[in-house]
Each structure stands twice: as C-alpha cells, then as structure tokens.
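I opened a fresh page for this structure and wrote down what I looked up, one topic at a time.

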Amino acid sequence: MKSKWWLTGFLVCLAVACFSPLASSSPDGLERVAEDKGFIDLAQEAPFQIIADYVFPGIGNEAMATILAGLIGTLILFGAGYGVAWLIKSKKKKEEPAK
Amino acid sequence: MHIPDGFLNAATLASTGVVAAGGVGNAVRVARKKLGEKQVPLMGVLAAFIFAAQMLNFPIAGGTSGHVIGAALAAILLGPWASVLIMSCVLIAQCLIFQDGGLLALGANILNMGIIASFSGYYIYRLVCLVLGDSRRGRLVGGFAGAWASVFLASLACAIELAVSGASPIRVVLPVMAGFHAFIGIGEGLITAGVLRLVLATRADLLQLQRI
C-alpha cells in the first residue's frame, strides 16, 4: 500500500490554520518600524479587497472568519504548490522524448 | 515583512520587479530539469504549511509581533530554486486574495522573502552541515542558523529598499529593522528546527531528495 504521507502533511496544515485566531494582533516588525519612524501613512489601500487581512467577509464571529480565511488559503496554496510542480513536471516529460 | 504599496518609489519597484521576475523565471527553468515525482506533493504541502504558519503571528518584545517566512525550511527540504517557486505562490496569493503586501510591491516581497531568504537560509544550513557534519545535530543547528539568517538578511534588504525609496533614512531604518528581525529570526529558527526534527523522526528519506 502506498503511504499517503502528504495527505497527513496537508491535514496538519489545515489544523495549523485553525489556530490562527490565537495569533498576536500586534503590528509585525515592518509595521512597527513604519509606525515608529513615521512612514506608515505612506501605505496605500489595495484597489480591491477579497479576504482582506485574513478575515472572511460577512461573518460576525471574527475567530470563525479568521479560521475560514485560513482554511481557504491553506487549500488554495496546496493546490497552487501542487499544481505548479505538476505543470512543470508534465512539461519536462513532453520535452524528454523529443531529445 | 510584507511591504504594502506606497512605501517604495517607482525606480525601486521596477528594479526589484525585474530581479524577482528573472529569479522566478530561472526557478522554473531549474525545476523543469530537476523536479521529480516525489517532490510534487511536497511542494503542495510546503506551500500550504507556509501560508498557514505565516498567519500565526507570535509576540516579541514591546508590543510587536513576528511571523515565520518559511523560505529556509522549504529551501532545506527541496532546494533554493524550488523554495523560490513555493514562496512566490504564497506571496502572490497573499497579495491577490488576502491584501497582504502591495500589488506593485510584489517584486520586492518576492525578492526579500522568496529569493534572499531561500538562498541565505539554504547556504548557511549547508555551511553548518559541512562544519558539524551531516548528523542530526548538524542539521538541526544548521536549520536554526539558516532560518535566523534568512529573516535577518531579508529584513536588511527590506530596510535598504525603504531607504533608497526615501521612506526613511538608512541610518534610522536599518538598525531598527535589523533589531526587530534579529528577535523574529529566533522564532523562525526554533520553528524551522522543530519541523526538521519532526521530519527527521518520521520521514528522514525526504531529506535525501535531490535539491532543486
């Protein structure tokens, strides 16, 4: 039986995302420096917002909205990382017989 | 350390954008030559893990928080060019979907947290393994050192970009960015070494894969 170790890894990632409401809400290193040194006001809002600041819009409970954003992002990035690697690998296969 | 739009001037945005595009292009070329069957799911898992882990800001001194970058871990497990690809996926998704990091500043963020963090983390890890031997201890110490350095050097690059853009003078912004990220790097080092320890205990063969 082939071990699906990556499925376990992916489930661990989803579990990690569920801890996201416990994250510190203090500004991060760069934000803190920008505040202290007076250039935070230079920051511009994004021209559009989808799941801005890792809070899924339209959900009253902020912890749930954060977890949902985290789960969606984790799912998307598993797909993106796997997909990019798969695409690169499938191109490699096509090139080899032509050699 | 995601730079929003507005902090960097046009010249810095353009030059970091060109370097990042060249780096990602080369990463695709290298991966096309070396990527194997086993690395495909690992790239998915690492991209997902890095996204989830980056959400978990941990507090450091004085009302400031930090989060892992994850590039050192990806580079140690898969190699620096594969790590550039993974970090680019994460940074592009954070920018487009979660409005974390500016659209125009994407190149600078890929340069700092993708390219600089991956290569510094990887080569410092390799250096420590060379000195201490390819033992479990060598790998864990190397993982910690590489991860710490990846955060520290990425923050220096970020400070230089801010300074040349005129956001803040270099003598002001460089020491404070370095100071905060010297602390944040300790968190990155502990988490990277912790994950490596877990991988060594459960799937040590993953560390034998060809590096990309």
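Before looking at any helix pair, I noted the convention for handedness: a crossing is left-handed if the near helix is turned anticlockwise from the far one by less than a right angle, and right-handed if clockwise.

Entry 1, confidence. I reminded myself that this is a predicted model, and I looked up the predictor's own scores, which are an ipTM of 0.92 and a pTM of 0.94 for the complex. For chain B, I found a mean pLDDT of 96, with 100% of its residues at 70 or more.

Entry 2, a helix pair in chain B. I turned to helix H1 of chain B, residues 10-34, and helix H5 of chain B, residues 106-132, and found that they pack at an angle of about 50° with their axes 7 Å apart. Angles of 65 to 115 degrees count as roughly perpendicular and those under 35 as roughly parallel, and H1(B) and H5(B) are therefore oblique to each other. With the convention above in hand, I recorded the crossing of H1(B) and H5(B) as left-handed. On the H1(B) side the contact includes B:Thr12, B:Leu13, B:Gly17 and B:Val24, while H5(B) brings residues including B:Gly107, B:Ile110 and B:Ile115. Sorted by class, this contact of H1(B) with H5(B) holds nine nonpolar and five polar residues, and no charged ones.

Entry 3, where the chains meet. I looked up how many residues each chain brings to the contact, and noted 47 from chain A and 55 from chain B. On the side of chain A that touches chain B, the elements giving two or more residues are helix H1 (5-17), helix H2 (29-36) and helix H3 (62-98) of chain A. H3(A) gives the most to that side, with 16 residues. By class, the side of chain A that touches chain B has 28 nonpolar, 11 polar and eight charged residues.

Entry 4, two backbone angles in chain A. I found that A:Asp53 has a positive phi of about 55° although it is not a glycine, and that A:Tyr54 likewise has a positive phi, of about 60°, without being a glycine. A:Asp53 lies in the loop between H2 and H3 of chain A, and the place of A:Tyr54 is also in the loop between H2 and H3 of chain A. Is A:Asp53 buried or exposed? It counts as exposed, because it has 10 C-beta neighbours inside 10 Å. A:Tyr54, by contrast, counts as buried, because it has 23 C-beta neighbours inside 10 Å.

How values were computed: Residues numbered from 1 in each chain as written. Chains lettered and ligands numbered in written order. Predicted model: local features only at pLDDT ≥ 70, side-chain atom pairs only at ≥ 80, totals over all residues. Axes fitted to C-alpha atoms, helices over the stretch in contact; angles between N-to-C directions. Helix = DSSP H or I, 4+ residues; strand = E, 2+ residues; numbered from the N terminus. Parallel < 35°, antiparallel > 145°, perpendicular 65-115°, else oblique. Contact = placed C-beta atoms within 7 Å. Nonpolar A, V, L, I, M, F, W, Y, C, P; charged D, E, K, R; others polar. pLDDT = per-residue confidence, 0-100. Buried ≥ 20, exposed ≤ 12 C-beta atoms within 10 Å, placed from the backbone.
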